[in-house]
Amino acid sequence: MDEGKMDENEWRYHGEGNKSLVVAHAQRCVVLRFLKFPPSRKKTSEEVFQHLQNIVDFSKNVMKEFLGENSAHCGEVVQLPLEFVKQLCLKIQSERPESRCDKDLDTLSGYALCLPNLARLQTYRFAEHRPILCVEIKPKCGFIPLCGGVTHELKHRVCRYCMHQHLKVATGKWKQISKYCPLDLYSGNKQRMHFALKSLLQEAQNNLKIFKNGELIYGCADARSPAADWTELAHHLKPFFFPSNGLAGGPHCTRAVIRELVRVITRVLLSGSDKGRAGALRRGPAPRGPRVCEASPFGRSLRRQGKNSPECSGLPKGCLLYKTLQVQMLDLLDIEGLYPLYRRVERYLEEFPEERKTLQIDGPYDEAFYQKLLDLSTEDDGTVAFALTKVQQYRVAMTAKDCSIMIALSPCLQDTSSEQRPVVPSSRSRFAFSVSVLDLDLKPYESIPYQYKLDGKIVNFYSKTVLAKDAAVTPARYKEREDCTLVLRKV
C-alpha cells in the first residue's frame, strides 16, 4: 500500500463495532481498521500505535497458533496521511449507524490496521469479477460450564446466550427472543446445526450478516432495523444456488434457496481446515457440561418427544468450530470462580504497581505468553502466578467467545482443474470457499469486574422472570421430571 497516494474515494464504509471502524478498498482485497474513542477520551499517537501493534502480536503469536495459519489474519500497522484520514471520516460519516456515533474515529494519530478483506476469497490480492457471497457468523459461547465454582445451579442447565436474550429484549436491545442457541451450532449434529442457522436467519440480531460482492445485503444493525425478509434475501441468493433458473419465484423458491444456503454453510463449518495447536488444549473424550441447553427450542422439542439428548455427533477435530470451542474452554472456572483470582492479582498490583509490565497484562503477547496458556490445571496453590494464568486464559477464552467466522463462497468456474482452493458441493453447483476468523482482539483485563456484574445480572433476571413465570404455569399441568401416580377409585 502506497500511503503517499491515498484517495478517500477509493474506499467505502464497510462496518463498525464498539471499538473500531472498517473501510474497504474498491479494487484491492484489503480493509483499513481504525480505532474509535469517546469524544472525551483521546489517545496519543504512540498509544494508538502500541494498541494496534498488540492486536497484531496477539493474533500472530496466540490466535494463529490455536486456530491455524489460514484462519487467523494478523495484518500490519500502517501510517496514513492525516489529510486522507480526515477526508475519509467526512466521506463515510453519513453511512454510519446512529447507534454507533457515540464514539469518534481516530483522525489524529494517522495509524490504522491493514487487513485482508475477509468478505472476499482469501486467494488473490485483487477483487475478482466472479460473484462472491460472504456469511459472517458470531457463534458465541458453545458450552455450558460444569466447574465447581458456579454457585447458580441454573448455569449448569441453560447457556449464557439464551439467558442473556431475555435481558436484552427487556432492556430494548432487541425486539424479540432468538431461537438460536450456540450449543446447537457447536453440536456437530447436522439437524441441530440446520436449526441453529435457520434461527439466525430468522432473527439475525448482530450475530449474522451476509455480504454480496462486499456489500451488506442481510443482517440488522440494531433493534430499529426492519424485520428479516427471506424473500428479498432469496432474490439475492438465487443466482448462486440455481444459476440455471430452474425454480420459479414464490414461497417454494424462497424456502429452497434458504435451505440450500444452510446446507452449504453447515458443510463448510464441518470441513477440515489448516492445522492449529488447539489440540494442545484437548481435555479427553468427555465434553464439559450438558450437550443440550434447556432453553433451546430444539432441546425442548426433544423433551416433548421423550428424548433426554439427541444423537451424539460431535465436531470433527480439524474444523474451525472445534478449534474455536477448544479456545473458549480455556474459561476453566467460569467468571464466578475467576473473579476472586482477579482480585488476588489486583491486590498484588496495588502493592507492587511496577510489576504490571512483568506480568504481561498489557503485552507483549509473545511465545512466552502463549505457553502459559497451555497450563490447564485448576488446583489453586494460592500464588499470584496461578491466579494470573487463569485470568489470562479467561481473557483469551472471552476473545474466542466473541469472535466472528467469515465464510466466503464463489461459484466454481467451468474449468476448475487449475483451482487449488477447497470446494464444497451444493445441489446444482460447487463453491470455492475460504473460512477465516474476525475480531480477535484480546479482551481487556479491566473488563473482568464488568463481566462479573453482568453475569449476575443475567442469571438473576432469568431466574426472576422466566423461571418464575414457568413456575406459575406448571402447577396447572403435569410438571416435567415430577413423579405422577394414577389413582383409580370406584364409581
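Mentor: A polar contact is a pair of N or O atoms within 3.5 Å. Please keep this cut-off in mind as we examine the predicted model.

Trainee: Which residue caps the N-terminal end of H5?

Mentor: The cap is recognised by a side-chain oxygen that lies 2.9 Å from the backbone nitrogen of Gln191. A polar contact requires N or O atoms within 3.5 Å, so this pair qualifies. The residue that supplies the side-chain oxygen, and thus caps H5, is Asn189.

Trainee: How many Å apart are the end C-alpha atoms of helix H5?

Mentor: Helix H5 covers residues 190–202, which is 13 residues. The expected span is 1.5 Å times one less than the number of residues, so H5 should span 18 Å. The end C-alpha atoms agree with this expectation, being apart by 18 Å.

Trainee: Which residues in H5 are buried?

Mentor: A residue is buried when its relative accessible area is under 20%. In H5 the residues that meet this condition are Arg192, Met193, Ala196, Leu197, Ser199, Leu200 and Leu201.

Trainee: How many helices and strands are there in the protein as a whole?

Mentor: H5, at residues 190–202, is one of the helices, and S7, at residues 133–137, is one of the strands. The complete count is 13 helices and 12 strands.

Trainee: Are the two faces of S7 covered or uncovered?

Mentor: In a regular strand the side chains alternate between the two faces of the sheet. In S7, Leu133, Val135 and Ile137 lie on one side, and Cys134 and Glu136 on the other. Each of these residues is buried, in keeping with five of five for the strand. Both faces of S7 are therefore covered.

Trainee: Which residue in S8 stands opposite Cys134?

Mentor: Strand S8 holds residues 208–212 and pairs with S7 in the antiparallel sense over five bridges. Within S8, the residue opposite Cys134 is Phe211.

Trainee: Which residue in S10 stands opposite Val135?

Mentor: S7 is also joined to strand S10, residues 404–411, by five bridges, and the two run antiparallel. In S10, the residue opposite Val135 is Ile407.

Trainee: In S12, which residue is the bridge partner of Ser404?

Mentor: All eight residues of S10 are buried; Ser404, Met406, Ala408 and Ser410 point one way, while Ile405, Ile407, Leu409 and Pro411 point the other way. S10 runs antiparallel to strand S12, residues 430–438, and eight bridges join them. The partner of Ser404 in S12 is Leu438.

Trainee: Why do Cys159 and Cys162 form no bond?

Mentor: Cys159 is buried at 2% relative accessibility, and its closest cysteine sulfur is that of Cys162. A disulfide needs cysteine sulfur atoms within 2.5 Å. The two sulfur atoms are too far apart for a bond because their separation is 3.6 Å.

Trainee: What is the count of disulfides?

Mentor: The cut-off of 2.5 Å between cysteine sulfur atoms decides the matter. By this rule the count is zero.

Trainee: Is Val78 buried or exposed?

Mentor: Val78 belongs to strand S4, residues 76–79. Its C-alpha is 5.7 Å from that of Tyr111, although the two are 33 residues apart in sequence. Its relative accessible area is 5%, and the cut-off is under 20%, so Val78 is buried.

Trainee: What percentage of the residues in the protein is buried?

Mentor: Val78 is one example of a buried residue, and Cys29 is another, at a relative accessible area of 8%. Of the 491 residues in the protein, the buried share is 51%.

Technical notes:
Residues numbered from 1 in each chain as written. Predicted model: local features only at pLDDT ≥ 70, side-chain atom pairs only at ≥ 80, totals over all residues. Heavy atoms only, no water. Helix = DSSP H or I, 4+ residues; strand = E, 2+ residues; numbered from the N terminus. Buried < 20%, exposed > 50% of the residue type's maximum accessible area, 1.4 Å probe, protein only. Pairing = 2+ DSSP bridges. Polar contact = N/O pair within 3.5 Å; in protein donor to acceptor, adjacent residues only side chain to side chain.
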